[in-house]
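Visitor: Please take one part of this structure and go through it closely. I would like the definitions and cut-offs stated along the way.

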Amino acid sequence: MKFVLNHDLVEEIAPAADTTLLRYLRETKRLCGTKEGCASGDCGACTVLLGELENGRIHYRTVNACITPIAAANRRHLVTIEALASSGKLHPAQQEMLDNHGSQCGFCTPGFVMSLAGLHQQLLADEEAQADRAQVCEAISGNLCRCTGYRPIVDAGLKMVQAPNEAHRLDAQAQIEQLASITDTDAPADYLQPQSRKELQQGLALHPDARLIAGGTDLLLEVTQQCQPIPKIIDLSGVKELHRIEECDGVIHLGAALTYRELETFFAGRSSSISALLERIGSRQIRNRGTLGGNIANASPIADLPPLLLALDASITLADNRGAERQLPLAEFYRGYKDTALEIGEYLAEISFPARAVNDFHRAYKVSKRREDDISAVMAAIRLRTRASEYGDVFTEVRIAFGGMAATPVRVTTAESKLLGCTRQDESALHAALAAVAETLKPIGDVRASADYRLQIAQNLLRSAWHALNSERSKNHASEALHA
Amino acid sequence: MRKLPKALLRVQTESAHKPTSIAHESAYKHVTGRAQYLDDIPEWPNMLHLATVGAEHASAMIESIELDAARRAPGVVDVITQGDIPGSADVSPVFSGDLLLAGERVDYVGQTVVAVAATSLEAARRACKLVNIHYRSESARLSVQEALEREEFVLPSHTISSGDAGAAIARAEHQLQGELYLRGQEHFYLEGQISIALPNEDGGVRVYSSSQHPAEVQKLVAQVLGVPLHLVQAEVRRMGGAFGGKESQAAALACMAAVFAVRNQRPVKYRMPRRDDMTQTGKRHDFWNQYRAGFDSDGVIRGVEMDLAGLCGHSPDLSDGVVDRAMFHADNAYFYSTARISGHRCRTNTVSNTAFRGFGGPQGMVAAEAMLDDIARAVGADPLDIRKRNLYSADRNTTPYGQALEEEVLPQLIEQLEQTADYRARREQIRAFNVSSTQIKKGLALTPVKFGISFTSKHLNQAGALLHIYADGSIHVSHGGTEMGQGLHTKIAQIVARGFGVDLERVRVAATATDQVPNASPTAASAGTDLNGMAALNAVNTLKQRLLEYAAETYGADIERISIRDDQCWIAQRAIPFAELVKGAYIDRVSLSATGFYRTPKIGYNRTAARGRPFLYFANGAAASEVEVDLNTGEYRVTRVDILQDVGDSLNPAIDLGQVEGGFVQGMGWVTSEELLWNDQGRIISDSPANYKIPTAGDVPEIFNVDFFQRPNAEETVYRSKAVGEPPLMLAISVWCALRDACASLAEYRYNPPLGVPATPEQVYFCARAAKEYAEATS
């Protein structure tokens with residue numbers, strides 16, 4: 001594999017498939033500015049930038065080096081803290097951190113600097129873009145600091161974004177040319193990087209023992225936390241077809257390899273509720289790597305997206321190594337705790353759902369101990385469609401789905417049926433639905449929440465959605481009346 | 001490596017008003033990734049890496065250990081158990097019971113039983129999985145309540161009393177009682193525990209440790225090796241955070257690395273993966289506090305009884321001092337005319353808890369603040385008024401342990417904060433908001449902190465420094481304190497430069513090393529600058545006197561008329577550059593090296609009488625925090641924080657500001673989102689940053705006003721500054737009180753809803769529900 005490491009084109013012949021970027025940087029290249037704080041993608045001390053050449057420009061994303069395989073750098077520009085200062089001048093992220101007393105013990109500092117540098121580069125790349133406090137916080141949402149209390153770091157970020165400095169563009173012509181010069185697409189032998197579904201099928205057929213990876217934000221924990229080797233990997237993230245993202249004949253098609261970041265762009269303006277949920281998934285670094293397909297196929301009962309997708313009536317497409325496809329409702333994909341309908345030789349190709357579902361009233365809620373970069377105690381997604389009738393607005397479609405409430409993400413059809421056919425203001429129907437939630441779900445208590453709390457919150461969130469629908473409709477009616 | 005840019009060497013000034021706000025001495029290295037932590041030091045080719053096997057049971061006898069498979073595993077060089085330790089297996093800091101490797105039995109899940117050395121960390125970790133240990137499980141005690149009930153203590157209980165509190169409470173117009181469970185806190189220093197040991201030619205080692213207490217590392221390494229202290233050197237350049245977690249806990253890693261280094265005569269690195277660190281090293285103590293108070297209708301306290309029970313874990317570690325400090329702070333800022341305060345050191349089958357910023361103080365203080373809120377709601381007054389009525393004042397100034405407050409700071413400080421934070425108007429707005437808002441409730445609290453400064457173990461209140469002036473005029477200072485990010489080395493350099501009257505660039509602070517300054521105390525108790533700064537200044541004064549005497553003799557001037565300032569030696573109107581002065585002194589054979597020493601005056605606590613003066617002075621502060629709670633889920637936001645902190649004459653306002661803000665946010669994490677949990681088998685289940693949540697940038701309030709109370713320290717500390725490391729952490733108790741205040745609004749502020757620490761969204765949800773149920777039941 002070939003890539004650009006800071007200013008140099010490098011070639012690595014056969015790194016092990018499960019070598020992380022962090023180990024490579026620290027042990028092979030002795031670039032020790034990138035730190036290991038947790039080796040699980042939770043602290044951001046190992047944040048580096050990965051840039052991809054696209055239409056003559058390099059697009060950079062911050063990633064956690066500790067859970068990113070080295071092969072992810074193939075044909076990319078890998079930027080570490082050591083190369084950020086250019087010709088003796090500190091990068092604005094560094095200078096502002098220095099001037100604002102943004103470091104104390106300094107161990108997390110390179111990670112923060114890289115996250116801020118990622119934001120800086122984004123502002124340079126997109127002249128329209130502006131950044132305020134919210135964006136600065138978002139950029140560093142995956143970086144933990146235990147010393148400063150963040151105020152000086154946020155201030156450093158705010159000062160930096162006021163005047164992005166062209167002199168500190170990371171995609172200098174030299175690097176663009178270096179990347180462009182990499183014409184061969186060789187990947188490490190045990191790390192397959194298919195670029196098309198055809199190549200993927202061949203890979204699957206030849207290597208039935210390989211593990212599938214997309215973002216790897218969960219899979220790599222087996223390596224770093226359990227010390228389990230993963231000798232052979234097939235990486236889905238380069239398969240073009242798996243990045244499909246379009247609305248076609250009233251159906252929204254989302255390729256399984258889409259990152260959360262790509263979804264953020266797609267849903268911005270389409271659904272504020274879904275956009276708000278996406279912002280709560282992991283951290284900036286995780287959303288740059290983690291994928292829709294991974295969130296589903298990983299089959300965690302506390303994954304953030306499946307409840308939403310259940311509420312949107314999503315179907316999933318599974319494909320196999322011969323190109324055969326089968327489609328099934330997402331609800332049927334989950335068989336039990338961490339158990340799915342995915343057969344050996346199959347992969348998750350696509351998620352689709354009716355576009356009109358996104359136009360329905362819907363809410364997605366995530367409840368966790370911490371707002372940023374936390375795993376949910378309870379996820380709730382509720383979609384309500386009404387139709388005007390002689391009795392008023394009547395529910396014609398109701399979807400109530402939860403995460404964290406059972407061994408898999410679940411829809412609570414018993415509760416849905418209590419609302420269906422009733423008017424939107426019918427409180428007795430709501431109470432029946434709430435009772436059905438309480439009766440149907442038997443959550444467990446664990447490190448994130450007690451069973452009792454989960455059950456109460458699940459009901460409260462359903463109630464919130466119901467109230468939100470009613471207040472929205474009453475407001476609409478009021479304004480319609482006003483206009484009339 | 002290229003040369004540092006000139007700009008960095010210039011003294012950075014933030015503004016004319018803060019001429020001493022220079023950047024952290026390593027800031028440039030931090031932001032460029034060049035600051036070297038232990039794991040960044042280039043490795044020797046024959047270096048060994050360690051991993052350990054932790055116990056699977058909370059209480060069990062070890063029946064047998066199978067090591068063969070691990071010994072045969074790829075890359076493995078050495079595997080040891082307790083019997084392989086050449087000297088003592090006990091690595092306790094003060095008492096006994098902390099074993100480097102377990103012997104016949106294990107006393108907590110994760111306790112180290114076997115250690116493996118291999119050619120790579122991965123090889124060592126994989127080999128550990130091949131070790132098979134057979135246990136005979138015994139019943140384990142996991143809760144502090146159970147230990148208290150059975151009087152299972154690691155050390156005897158201690159009681160402080162003044163007057164007959166029981167009688168005073170009975171006589172008072174009103175009585176109330178409460179109890180409170182406070183969970184501990186994981187330090188989560190970003191740099192995990194690590195040590196490197198290099199064998200020397202005499203059977204000793206040089207150890208590099210991420211430790212707050214290199215002298216103790218040296219002592220314990222010598223003990224496990226069975227060699228005198230002079231064969232062991234311990235060195236600390238910097239830590240990537242510590243917060244008390246590397247005061248005693250770092251030593252075991254150094255000892256383990258040293259044992260393997262000497263056995264194999266190879267360099268050894270022992271770096272704990274995060275999960276091991278969170279499982280195997282001690283944390284802030286859980287406390288179960290019970291209190292009873294008698295007070296009059298104005299809310300003035302007449303008597304207090306408190307029982308503070310600390311969950312110490314399986315061994316004493318530093319728990320005696322921690323529980324003592326909880327007791328010394330169970331009054332916080334309030335005068336208890338009579339009091340009985342008892343502290344219990346409960347033994348449980350869990351990891352031995354240890355120092356953590358505040359050292360028990362926060363746990364004692366929360367009890368006081370909870371009680372003050374309870375009293376306010378009992379008499380129907382604003383909690384701030386009740387707090388002010390009970391503050392120590394001129395004639396009510398004696399603590400339950402008999403130390404008189406010589407400085408009256410808080411009444412004025414609180415008055416000032418009340419104004420700047422606009423407390424009264426906001427209180428009214430919040431009351432009005434809460435009446436009209438059904439789903440969102442706001443809360444507000446203004447709480448003080450009075451924190452005693454000095455080690456409560458008297459002998460630790462000493463420090464040494466070693467100062468060299470080289471012939472080129474550059475100055476090199478070593479002292480016993482360690483740099484963990486708090487800016488100690490920066491302040492020491494400033495003190496030395498100021499003491500001499502020379503430019504800061506002349507001064508370089510060395511890595512802390514036991515062969516430079518011996519027998520140093522831990523860098524802890526917020527006393528790093530107070531102690532080491534004075535020792536360094538003492539050395540400066542010795543050398544400065546020699547230089548002045550040399551100048552007087554050489555230039556034939558009266559020594560009274562010679563001074564050093566602005567990097568020059570002034571003899572009347574004549575200025576001689578400092579470097580020239582030094583060069584001349586060297587040629588004239590003047591000794592340019594000196595030691596400095598300091599011991600804290602005035603202090604002493606008689607434990608038998610439970611009276612005395614444990615502290616030289618108190619650092620004070622107050623914070624007003626506002627929160628917004630969503631009753632639907634218990635989720636909340638801290639929306640505004642105002643802080644006024646008493647730092648004396650600040651040596652470096654930028655660094656002190658960093659300590660205040662950082663301490664506050666760390667304390668906020670303790671009282672809000674950081675929840676340590678164990679399962680019923682005694683295994684920690686909050687064992688990684690995925691399930692243990694310290695605050696992120698998004699949790700910090702956008703309105704975060706921090707100011708310093710302008711008054712020099714009344715005691716003769718270094719340049720009249722005050723300690724600032726720990727006190728600000730406890731300002732965050734205001735956040736906890738504000739959350740409880742928001743919940744209490746549901747019952748017209750006349751009910752004290754139960755809330756523990758941390759107040760996670762779940763705990764706040766149930767707290768609010770309790771208040772609501774109370775209101776419904778009584779209306």
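Guide: What follows is a close look at one sheet in chain B. The model is predicted: local features need pLDDT of at least 70, side-chain atom pairs count only at pLDDT 80 or more, and totals for chains, interfaces and linings use all residues. Residues are numbered from 1 along each chain as its sequence is written, while chains are lettered from A and ligands numbered from 1 in the order in which they are written.

The sheet is open and has four strands, in the order E19-E18-E17-E24 of chain B, with mixed pairing. Strands (E, at least two residues) and helices (H or I, at least four) are DSSP runs, numbered from the N terminus, and two strands pair if DSSP finds at least two bridges between them. Strand E19 (507-509) and strand E24 (593-599) of chain B are the edges, each pairing on one side only. From one strand to the next, the twist averages 20°.

Strand E17 (residues 462-469) of chain B runs antiparallel to E24(B), and seven bridges join the two. Within this pairing, B:Gln462 stands opposite B:Arg599 of E24(B).

A helix also belongs in the picture: helix H15 (residues 488-500) of chain B lies across strand E18 (475-479) and E19 of chain B. Contact between two residues requires their C-beta atoms, placed from the backbone, to lie within 7 Å. Helix H15 of chain B runs at about 145° to E19(B); axes are lines fitted to C-alpha atoms, for helices over the stretch in contact, and angles run from 0 to 180 degrees between N-to-C directions.
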